[in-house]
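Visitor: I should be grateful for a close look at a single part of this model. Please begin with a loop, and then proceed to the helices and the nonpolar interior.

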Amino acid sequence: MFDAAKVKNECVAWIRRFFEENGKDCNAVVGISGGKDSSIVAALCVEALGKDRVIGVLMPCGEQHDIDMAKLLVNTLGIRHYIVNIKDAVDGVINSIPFELQAQSRINLPPRIRMATLYAVSQSNNGRVANTCNLSEDWVGYSTRYGDAAGDFSPCSNLTVAEMKQIGRLLGLPDVLVDKVPIDGLCGKTDEDNLGFTYAELDRYIREGVIEDEEKKQRIDAMHRRNLFKLQLMPAFQPEFD
């Protein structure tokens, strides 16, 4: 049984301890997408540190159809925020590379530029960058290495989507943010359409080891194995000295 109130309170206490030990007077810097994860992480940071120590950064790439959701979040929480449109930066990199980028490179470039932007804002505002990933997405590699998978502290990377939603409701966030269907913003498909299974199926498999559809089980297992490297430290050669 998941005790959302207990976990929420423990997470808030953990964030406070992190800042006590890693930047007593620092601010939490959160990339705000308008989705549930960044909304919940920002709200947790507000409860832990107070709204004056949380900075939201909205980073559309040109036109963002759901930018109003990101604005709703920062206005609901009452936090300081900046809007940084990354389109010129993305186009600048693409246009400067002397060959045609593969599709996956183009997909991963904006998240990596967003993370570079977050660190620029953070370093100039005495900040620590929040990672906004959850366990379900991390489990199957649904994040960009050195993009949204990066950060200085990660409040929710051990919580499933279902658990995140329970905490979001406890935090008093608008239902439209907690229950917003995640869309990749690239091809117009939902995350679940791209994954080939629902988050409910994935969450149950992660927590209970139960999944009825063998084909989906194999798909999840394969994605988990293939993407484990994203969750591990960079391999480093260790020389041996006599």
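Guide: Helices (H or I, at least four residues) and strands (E, at least two) are taken from DSSP runs and numbered from the N terminus. On that basis, N126 belongs to the loop that joins α5 (103–123) to β4 (127–129). The model is a predicted one, in which local features need pLDDT of at least 70 and side-chain atom pairs count only at pLDDT 80 or more, whereas totals for chains, interfaces and linings use all residues. Residues are numbered from 1 along each chain as its sequence is written, and side-chain values use heavy atoms, with hydrogens and water left out.

In this loop, N126 has a phi near 55°, a positive value in a residue other than glycine. Its relative accessible area is 41%, so N126 is partly exposed (buried is under 20%, exposed over 50%, partly exposed in between; 1.4 Å probe, protein chains only). Y146, too, is a non-glycine residue with a positive phi, near 65°. The loop holding Y146 runs between α6 (135–139) and α7. Y146 has a relative accessibility of 47% and therefore counts as partly exposed.

From that loop the chain leads to α7, where R169 has its place. With 43% relative accessibility, R169 counts as partly exposed. Once neighbours within four places in sequence are set aside, R169 is in contact (heavy atoms within 4.5 Å) with V178 and D179. By comparison, V129 is 40 residues from R169 along the chain, and 24 Å separate their C-alpha atoms.

The packing of α7 (residues 161–170) against α2 (residues 36–49) comes next: the angle is about 50° and the axes lie 10 Å apart (axes are lines fitted to C-alpha atoms, for helices over the stretch in contact; angles run from 0 to 180 degrees between N-to-C directions). α2 is therefore oblique to α7 (under 35 degrees is roughly parallel, over 145 roughly antiparallel, 65 to 115 roughly perpendicular, the rest oblique). On the α2 side this contact is made by K36, D37, I40 and L44, and on the α7 side by V161, M164, K165, I167 and G168.

α2 also meets α1, and here the axes come within 9 Å and cross at roughly 65°. That angle makes α1 roughly perpendicular to α2. K8, N9, C11, V12, I15, R16 and F19 of α1 form this contact with L44, C45, E47, A48 and L49 of α2.

Two of these contact residues recur in the interior. The largest nonpolar core (buried Ala, Val, Leu, Ile, Met, Phe, Trp, Tyr and Cys residues joined through side-chain atoms within 4.5 Å) has 39 residues, and I15 and L44 touch the most other members. At least two residues of this core come from each of α1 (4–22), β1 (27–32), α2, β2 (54–58), α3 (67–77), α7 and α8 (175–178). The contribution of α2, 9 residues, is the most that any gives to this core. Not counting residues up to four places away in sequence, I15 touches L44, C45, A48 and L49, together with F153 and P155. A second core, separate from the one just described, has 14 residues, among them M59, I94, L109 and M115.
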